[in-house]
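Good morning, everyone. I have one structure for you today, and I will keep it short. Take a look at the screen first.

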Amino acid sequence: MPTSSPTPTAPPTPEARFAWEAQVDIGERQSLGHGPLGERFIVPILGGTFEGPRLRGTVLPGGADRQLLRADGIKELDALYELQADDGAVITVRNRVLIDESTMPGRYARSVLQLSAPAGPHDWLNRRVFVGTLHSLRPARAAVCIRVYELD
């Protein structure tokens, strides 16, 4: 007599929950010349602030955003910087962004963030996937706004 195997269930669809918004002050973009994949730039990260339901603090100066402008017009950004939470914990952020300005209306700017937090109250950041959006605050301010969402 044949036995029936259990019907597999589909995994749940991920949902995004707001984690924080950062206002990141940036310096002038500097050209690094053309490489085999396109034109390269670097943008210094000068500081800023961030705030969300579970953490808030400052964006530390000293990070940078490496940018690649591909031949097809797509921008790839790879930013590495630190956040310092109000309790003193320092969280390292690697934010990889893809920007497509050919979409109308507006532009597509989405990112995947990799976080490294010390043991303690913020170590939950090491165990989750985060995605984000990015938009410029120019001309009012030489800064970008990054909204970060935790996927559950």
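How many of the residues count as buried? The share is 36%, out of 152 residues in the protein. Keep in mind that this is a predicted model.

Now the surface. The protein exposes about 9,300 Å². Carbon and sulfur atoms supply 56% of that area.

Next, the charges. There are 17 positive and 18 negative ones. Take the mean position of each set, and the two points are 1 Å apart.

On to the overall form. The C-alpha atoms fill a box of roughly 75 × 45 × 30 Å along the principal axes. What is the radius of gyration? It is 19 Å for this protein, whereas a compact globule of 152 residues would have one near 15 Å.

What is the chain built from? Ten strands and zero helices. Read from the N terminus, the order is β-β-β-β-β-β-β-β-β-β. Look at the contacts too, counting those with a separation of 6 or more. Of these, 44% come from residues 24 or more positions apart.

Let's go inside. The largest nonpolar core has 29 residues. Which of them touch the most other members? Trp20, Leu125 and Phe130 do. Several strands give two or more residues to this core, among them E3 (38-51), E6 (75-85) and E10 (143-151). Strand E1 (16-26) gives the most, with five residues.

Stay with Phe130 for a moment. Set aside its neighbours within four places in sequence. Phe130 is then still in contact with a list of residues that includes Trp20 and Leu125, the other two names I just gave you. Also on that list are Ala19, Val112, Trp124 and Tyr149.

Now two spots in the loops. The first topic is a peptide bond. Arg138 and Pro139 are joined by a cis peptide bond, with omega at about 5°. Where is Pro139? Find it in the loop between E9 and E10.

The other spot is Gly73. This glycine lies in the loop between strand E5 (64-70) and E6. Why does Gly73 count as partly exposed? Because its relative accessibility is 38%, and partly exposed covers the range between under 20%, which is buried, and over 50%, which is exposed. Gly73 also has a partner to look for on screen, Glu101. The two are 28 residues apart in sequence, yet their C-alpha atoms are 7.8 Å apart in space.

That's my tour. Thank you.

Key
Residues are numbered from 1 along each chain as its sequence is written. This is a predicted model: local features need pLDDT of at least 70, side-chain atom pairs count only at pLDDT 80 or more; totals for chains, interfaces and linings use all residues. Side-chain values use heavy atoms; hydrogens and water are left out. Helices (H or I, at least four residues) and strands (E, at least two) are DSSP runs, numbered from the N terminus. The radius of gyration is taken over C-alpha atoms; the globule rule is 2.2 Å times the number of residues to the power 0.38. Buried means under 20% relative accessible area, exposed over 50%, partly exposed in between (1.4 Å probe, protein chains only). Contact means heavy atoms within 4.5 Å. Accessible areas come from the Shrake-Rupley method with a 1.4 Å probe; for residues, only the protein chains shown count as cover. Lys and Arg count as positive and Asp and Glu as negative; His and the chain ends are not counted. The place of a charge is taken as NZ of Lys, CZ of Arg, CG of Asp or CD of Glu. A nonpolar core is a set of buried Ala, Val, Leu, Ile, Met, Phe, Trp, Tyr and Cys residues joined through side-chain atoms within 4.5 Å.
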